[in-house]
Amino acid sequence: MSPDKQPEYFVTGVTAWVLQTYLRLKKAGFDVQLSVGEPIPPGVAITHSDFFGRMCAHLTDRARTATVSIRADRSPCTQADFEIVQNETQVLSERERFVHHWPQPGLKLRPADRGSRVEVASAKAFAVHPAFTGPAFMEALQQAGITWDFKPLSAVRGTRPPYTVARDDAWADYSGVDLIIALRDGERSYDHKPPTKLVNAWLAGTPAILGPESAYQALRQSDLDYIEAVTPEACLEAARALKSDPARYMAMIANGRRRAEAFSTDAICRNWIGVLGSIAGWVSARRSDSVGQP
């Protein structure tokens with residue numbers, strides 16, 4: 001399997017985090033094994049938080065194994081020796097190790113020949129602020145000469161505000177998108193969420209207007225990285241301003257191309273290897289400490 005050739009298989013937390021990591025590290029030449037119900041030998045054992053208990057049931061030597069839970073959007077897994085987290089604010093001790101997401105599988109870039117045109121905007125998000133699904137927002141964008149490419153499906157109950165789920169599953173296709181507008185709300189920092197929308201925008205060559213989330217702010221180095229907005233009205237104002245300023249629009253694309261270099265497949269591979277190497281060192285130290293003990 002290949003995440004780049006078969007992106008449709010890598011849309012869940014388990015496949016995107018676990019299966020994809022196995023395939024990419026294996027392709028890079030590292031000694032990794034994929035276990036589906038088989039006995040797991042001593043070493044570093046990694047799984048998604050949802051399957052942590054199931055993984056532990058297959059360990060052959062718990063004392064000589066470092067267990068690693070990939071938290072994703074879940075609550076902390078206190079039983080694990082280590083956790084992989086997707087937001088730097090979640091690193092509170094040596095137990096938590098921050099790793100960026102892999103690049104979006106099958107990413108289709110915005111063609112360079114679209115130039116500074118700002119004609120189509122999309123959220124490329126699962127859930128958005130409810131104002132983005134109403135006719136007022138769509139009409140306001142249309143008056144600015146921008147088409148809003150978002151297909152709402154239903155509201156998510158139990159959230160404040162009730163975010164709307166997208167029907168569009170073309171997460172990786174930026175070929176016809178000139179601007180990303182993604183806002184959940186401007187009152188929360190979403191410390192459990194990754195900076196995926198921003199990194200994807202950089203990689204795809206599409207400027208972004210984003211909410212004040214901690215993951216985005218941690219990566220921000222200049223005003224060219226993205227435009228921050230805290231309300232739907234501010235998003236509209238930023239979209240109009242960017243459309244009327246082709247020089248800034250093109251500067252954001254060039255800046256995003258430079259920033260994207262740190263989030264290539266090779267770069268994330270090095271990120272993973274650094275983290276796993278330190279965890280393997282912890283296992284070796286624990287084994288040394290146990291030598292000679294009754």
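Let's start with His 129, which sits in the loop between β6 (127-128) and α3. This is a predicted model, with a mean pLDDT of 90 for the protein. From that loop we'll move on to the two sheets, the nonpolar cores and the stretches to treat with care.

**His 129 and its loop**
- Is His 129 buried or exposed? His 129 counts as buried because its relative accessible area is 17%, and the cut-off for buried is under 20%.
- A polar atom of the His 129 side chain lies 3.0 Å from the backbone nitrogen of Ala 131.
- If you look for Val 275, you'll find its C-alpha atom 35 Å from that of His 129, with the two positions 146 residues apart along the chain.

**The four-stranded sheet**
- One open sheet has four strands, in the order β1-β2-β3-β4, and they pair in parallel.
- At its edges are β1 (43-48) and β4 (96-98), each with pairing on one side only.
- Going from one strand to the next, the twist averages 25°.
- Helix α1 (residues 13-27) packs on this sheet and touches β1, β2 (65-70) and β3. The direction of α1 makes about 160° with that of β1.
- How many bridges link β3 and β4? Strand β3 (residues 82-85) pairs with β4 over three bridges, in the parallel sense.
- Across that pairing, Glu 83 stands opposite Glu 96 in β4.

**Thr 15, a residue of α1**
- Thr 15 is part of helix α1, and it counts as buried because its relative accessibility is 18%, with the cut-off set at under 20%.
- Which backbone nitrogen does the Thr 15 side chain reach? It is that of Val 11, at 3.5 Å.
- Setting aside neighbours within four places in sequence, Thr 15 has contacts with Tyr 9, Phe 10 and Gln 20.

**The five-stranded sheet**
- There is also an open sheet of five strands, again with parallel pairing, in the order β7-β5-β10-β11-β12.
- Here the edge strands are β7 (147-148) and β12 (227-228), and each of them pairs on one side only.
- Strand β5 (residues 120-122) runs parallel to β7, and two bridges join them.
- Val 120 has Thr 147 as its bridge partner in β7.

**Nonpolar cores**
- In soluble globular proteins, nonpolar side chains tend to be buried together.
- The largest nonpolar core has 26 residues, and those touching the most other members are Phe 132, Leu 141, Trp 148, Leu 179, Ile 181 and Ile 209.
- Elements that each supply at least two residues of this core include α3 (135-143), β10 (179-182), α6 (232-243) and α7 (246-260).
- Which element gives the most to this core? That's α6, with five residues.
- Phe 132, not counting residues up to four places away in sequence, touches Phe 137, Trp 148, Ile 181, Leu 183, Pro 232 and Cys 235.
- Apart from this core lies another, of 19 residues, and among them are Trp 17, Val 68, Ala 72 and Trp 272.

**How far to trust the model**
- Across the protein, 91% of the residues reach a pLDDT of 70 or more.
- Over residues 154-160, pLDDT stays under 50, and the model has ten contacts beyond four places in sequence for them.
- Residues 162-168 also have pLDDT under 50 throughout, with 42 contacts beyond four places in sequence in the model.
- Where pLDDT is low, the predicted coordinates should not be read in detail.

Methods
Residues numbered from 1 in each chain as written. Predicted model: local features only at pLDDT ≥ 70, side-chain atom pairs only at ≥ 80, totals over all residues. Heavy atoms only, no water. Pairing = 2+ DSSP bridges. Axes fitted to C-alpha atoms, helices over the stretch in contact; angles between N-to-C directions. Contact = heavy atoms within 4.5 Å. pLDDT = per-residue confidence, 0-100. Core = buried A, V, L, I, M, F, W, Y, C linked by side-chain atoms within 4.5 Å. Buried < 20%, exposed > 50% of the residue type's maximum accessible area, 1.4 Å probe, protein only. Polar contact = N/O pair within 3.5 Å; in protein donor to acceptor, adjacent residues only side chain to side chain.
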